[in-house]
Amino acid sequence: MAHPRVVVATCLLALAGCAGSLDNPDRFGDGGSNVGFVCTSLGKPVKAEVIGQKCVSGCHSASVVQSGLDLESAGTSSRLVNVSTTVCPPRHRVDTVDGGTLQEKISQSSPSCGASMPPGGGLTNGEVSCIIEWTRNLAAGGQE
């Protein structure tokens, strides 16, 4: 029978291996599916690399909820899809009819209601396409 210290040491060595990163999602045991929806237009996980960098900081985080919209926490679709806006009711933030106010605010410099987002611009055409792709996916019941 192996000595208990040898068993513990062997287990610790086994756990010390490299787990991989988002730069290499195939190294994860689930094939990287935990990164969320990856938009085809940019090949990036939209919530982590576009929404998180361009929309969350200072405006739509879990702690700073401008216009009642938290884009950081899990369950984003429940706060976006077919949910009336606080600024432009009765329009929805995201819907299947016209894309909703979120799509309009990120793609037009003078939206019909409220201001364009993010304030002062800052989204590339690719990022706008990526967010629209993501919102359509959410409206269809897809992955966050």
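Begin by selecting helices H2 and H5, whose crossing is left-handed in this predicted model. Two packed helices are described by the angle between their axes and the distance between the axes. For this pair, H2 covers residues 46-56 and H5 covers residues 125-139, and their axes come within 11 Å and cross at roughly 120°. That angle makes H2 oblique to H5.

Keep both helices on display and add the side chains where they meet: Val 46, Lys 47, Val 50, Ile 51 and Lys 54 on the H2 side, and Glu 127, Cys 130, Ile 131 and Trp 134 on the H5 side. Coloured by class, the contact of H2 with H5 shows six nonpolar residues and three charged ones, with no polar residue.

Now zoom out to the whole chain, which has five helices and two strands, and follow the elements from the N terminus, where they run α-β-β-α-α-α-α. A surface representation gives an accessible area of about 8400 Å², of which 56% belongs to carbon and sulfur atoms, while buried residues make up 32% of the 144 residues in the chain. If you draw up a contact map, residues 24 or more positions apart account for 39% of the contacts with a separation of 6 or more.

Next select helix H4, residues 100-107, which is mostly covered, with seven of its eight residues buried. The buried ones are Gly 100, Thr 101, Leu 102, Gln 103, Glu 104, Lys 105 and Ile 106. To see what covers them, show helix H3 (77-80) and H5, both of which are included in that cover.

From H4, move to Thr 85, which sits in the loop between H3 and H4. Is Thr 85 buried or exposed? Its relative accessibility is 9%, so Thr 85 counts as buried. With neighbours within four places in sequence left aside, Thr 85 is in contact with Arg 91, His 92, Arg 93 and Thr 101. A distance label drawn from Thr 85 to Leu 102 should read 9.3 Å, C-alpha to C-alpha, for a pair 17 residues apart in sequence.

Return to H5 and pick Asn 137, which is found in that helix. At a relative accessibility of 16%, Asn 137 counts as buried, because the cut-off for buried is under 20%. Leaving out residues up to four places away in sequence, Asn 137 touches Phe 37, Gly 142 and Gln 143.

The last stops concern the backbone. Most residues other than glycine have a negative phi, and most peptide bonds are trans. Against that background, select Pro 89 and Pro 90, which are joined by a cis peptide bond with omega about 5°; Pro 90 has its place in the loop between H3 and H4. Then select Met 117 and Pro 118, where a cis peptide bond has omega about -15°, and where Pro 118 is found in the loop between H4 and H5.

For the phi angles, go to Ser 67 in the loop between H2 and H3, where phi is near 50°, a positive value in a residue other than glycine. At 39% relative accessibility, Ser 67 counts as partly exposed. Finish at Asn 82, in the loop between H3 and H4, which has a positive phi of about 60° although it is not a glycine.

How values were computed:
Residues are numbered from 1 along each chain as its sequence is written. This is a predicted model: local features need pLDDT of at least 70, side-chain atom pairs count only at pLDDT 80 or more; totals for chains, interfaces and linings use all residues. Side-chain values use heavy atoms; hydrogens and water are left out. Axes are lines fitted to C-alpha atoms, for helices over the stretch in contact, and angles run from 0 to 180 degrees between N-to-C directions. Helices (H or I, at least four residues) and strands (E, at least two) are DSSP runs, numbered from the N terminus. Angles under 35 degrees count as roughly parallel, over 145 as roughly antiparallel, 65 to 115 as roughly perpendicular and the rest as oblique. A crossing is left-handed if the near helix is turned anticlockwise from the far one by less than a right angle, and right-handed if clockwise. Contact means heavy atoms within 4.5 Å. Ala, Val, Leu, Ile, Met, Phe, Trp, Tyr, Cys and Pro count as nonpolar, Asp, Glu, Lys and Arg as charged, and the others, Gly among them, as polar. Buried means under 20% relative accessible area, exposed over 50%, partly exposed in between (1.4 Å probe, protein chains only). Accessible areas come from the Shrake-Rupley method with a 1.4 Å probe; for residues, only the protein chains shown count as cover.
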